[in-house]
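Here is a short report on one protein chain. Take a look at the sequence and the model before reading on.

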Amino acid sequence: MAGISIPGVSDQYKTNETVDKLMQIERIPLTREQKTLETYKTQQDAWRSVNRKMTSLRDSVKTLYSFENPFNNKITSSTEENAITAEATRKAAYESFKIDVIQPATSDRFLTSELDADTKVPSGTYTYKDSEQTITMKWKGGSLQDFSNALNRRGGNTIKTRVIGASAGKKTLSIESQKTGLENKLLFADDARTFAEASGMIVKVKPKTVEFGNTRAEYKPAPETPLEQPRLPAVSAVKLAVSEGKAIVPPRTGFLLEIPQLAKETKNAHIQFSITKEKTADVAEEINKANDRPEFPESGAAQYRDITIYNAGVDSELTAEQLTKPTPLDTIETDEVLFAILNDGTEKEIPLKLNLEKPETEIDINLSEYKNINAIVLRNRNTGTTFSVSEMRSLNPSENLGYVPQHPISTADDAILKYEGITLRRPENDIDDVIPEVTLHVSDKTDKTATISIKPDKESAKDALISFVGNYNQALSEVNVLSQTKPEIVEELDYLSEEEKKELREKLGMFATDSSLSSLKSSMMSATSAMYRFSESAEITMLSQIGIATNATNYSGYTPSKLRGYLEIDEKKLDSELEKHLEDIKNMFGFDSDGDLIVDSGIGFALDKQLTAYVQSGGVFSMKTGSLDRKIKASEQKISRLETQMDSKEADLKNKYGQMQGALNSLENQQSTLKNFSNRNNNQ
């Protein structure tokens, strides 16, 4: 079959090779444009990379002078961390204070007696309450575990139950209130109380209440104290009145009320009563209005025609001191009026929080906080306040419910602390209203007085400064690589992997002719080397003073990398200056120079302002990448047109050379036919 040629399959005359060579020439514009597009994309990636580095730098700069700057961070420490810790906000003052934890706040947590493992909880309506919420569950009856699971699903943040294996074949059910505090006792109602009694969780008791202070005869004069001001009435019981079970205590009046012996002997005894505070006529003002200097009438006169004769003045025979007007009395207003008298005669204040807007304040005194208490004294030293005190009663709060837990793991009670000698009660263990901007976390009673200290968090400040230097150097290295053609710039970055160095070598000097990067580098170096004097007494005004500079280690030899603007850290010096001049360092990064409460100067502010012009939307980098976006789109469109043209050109050439090859093959076949014919004739 010699001489048969199929265009596109056989290529006897190498027409395909000829077409490829012709197309290589035709593709030169397309290849050039593809390289241009690749250059545009590489440049755009480079601008985006430097934008990311500068944005990271700006973010770290902002943290150094914004409201959330690390120089305001506080850390707390406690000498009794197992019992009490603290958490301080950024506004907390630097201080140390002492606290004793008498007891942490607890919640009611009760157990049933040991029950048979197959005990069934009867059907019924089970109701559990605390001071705020009521949980009611309709129960169809079932095992202890099913009952516990159902109650947990319904209980939410109010109660929690658990079935505990007690011994072989025996189980107990625990029910726990989720809220701490004396006011949050766990109450049983409906079938919940019935089951609690039947299972031995609670037992009925008769409340033992001792009432006292309802007759005038019980009230005795309060122990005398030094008089605050001359001419001011001493505190006495003269004006004390008892009416309808209430003691009315006018200004400068007081009483002593002995606690009955039965009340002292009651287990977990509390004394409860109420106090009402109201404004009345001020004793001091009334005395001040009274004129203690005698006034004598005019002696009179007689007149005859133009002559007037005056009588001689009254001779009072009073001394100059007696005639001098007395010093006005000061008004006294205080809530420090209630005290416990101990057996040894000493007094211990019972803190009160009274409010004129609140008609009545309930007082609950836990006698366990006042060991050896003998009596209660109310000494109204005020000059314009009257107190009304209800009759008092002593009781065990748990017994007052009509039942007590038979197997309590813990019972509801407040946290009790002593701060600066003042006894405090709180229903929760997280207490944020004792020290401003500080939350106390109570977990156990203290064995000895805890000292809690609030100090600046120097470590977080140091970490932020190190992060700033790292981001600064990374951003600057990107600028150096893109704006210069020196290979050693890449080799100096010994913290990079070989792959990362290879990527940087490809970008070396990419924007050497672009002045925007060199301008940015210059402004960055100026900002970090400038002086920022925020006050006349400022000791730290430059980065170099805290061990951050282009030559922080003070190396005297020549190193080209030190001339490229990278910052170094002398860590030992930085630690020392953070310890001594934290506030100065904070102000060096950002301060208000004109008193408008807005930061307008400092290293952080200056760098942020410069970097924002480059990285913000519509900034320098955005304009650079936007311009390249347009060039890339135009280049892609041009490439698309050229590719279409090349496809059409290649198809045309293949068609023409295919036809030519077909014609040549036809001629070759004809030649072969003629040659064969001639050979046959010659053989004849």
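How many Å² does the chain expose, and what share of it do carbon and sulfur atoms supply?

## Surface and burial

The model is predicted. Its chain exposes about 38300 Å². Carbon and sulfur atoms supply 49% of that area.

What about the residues under cover? Of the 684 residues, 42% count as buried. Here, buried means under 20% relative accessible area.

## Overall build

The chain holds 15 helices and 36 strands. Its radius of gyration is 47 Å. The globule rule gives 26 Å for 684 residues, and 47 Å is well over that, so the chain is more spread out than a compact globule.

The C-alpha trace spans about 180 × 105 × 65 Å along its principal axes. Contacts also link distant parts of the sequence. Among contacts with a separation of 6 or more, 73% join residues 24 or more positions apart.

## A five-stranded sheet

Strands of a sheet pair through backbone hydrogen bonds, either parallel or antiparallel. One open sheet here has 5 strands, in the order β1-β34-β3-β30-β31. The pairing is antiparallel.

Why do β1 and β31 each have one side without a neighbour in the sheet? Strands β1 (74-78) and β31 (422-426) stand at the edges, and each has a single partner strand, so one side of each is left free of a neighbour. On average, neighbouring strands of this sheet are turned by 30° against each other, direction ignored.

## One strand pair up close

Strand β30 covers residues 415-419. It pairs with β31 in the antiparallel sense over 5 bridges. Look for Y419: its bridge partner in β31 is I422.

Definitions and conventions: Residues numbered from 1 in each chain as written. Predicted model: local features only at pLDDT ≥ 70, side-chain atom pairs only at ≥ 80, totals over all residues. Heavy atoms only, no water. Pairing = 2+ DSSP bridges. Helix = DSSP H or I, 4+ residues; strand = E, 2+ residues; numbered from the N terminus. Axes fitted to C-alpha atoms, helices over the stretch in contact; angles between N-to-C directions. Rg over C-alpha atoms; globule rule 2.2 N^0.38 Å. Buried < 20%, exposed > 50% of the residue type's maximum accessible area, 1.4 Å probe, protein only. Contact = heavy atoms within 4.5 Å. Areas by Shrake-Rupley, 256 points an atom, 1.4 Å probe, with all protein chains shown as cover.
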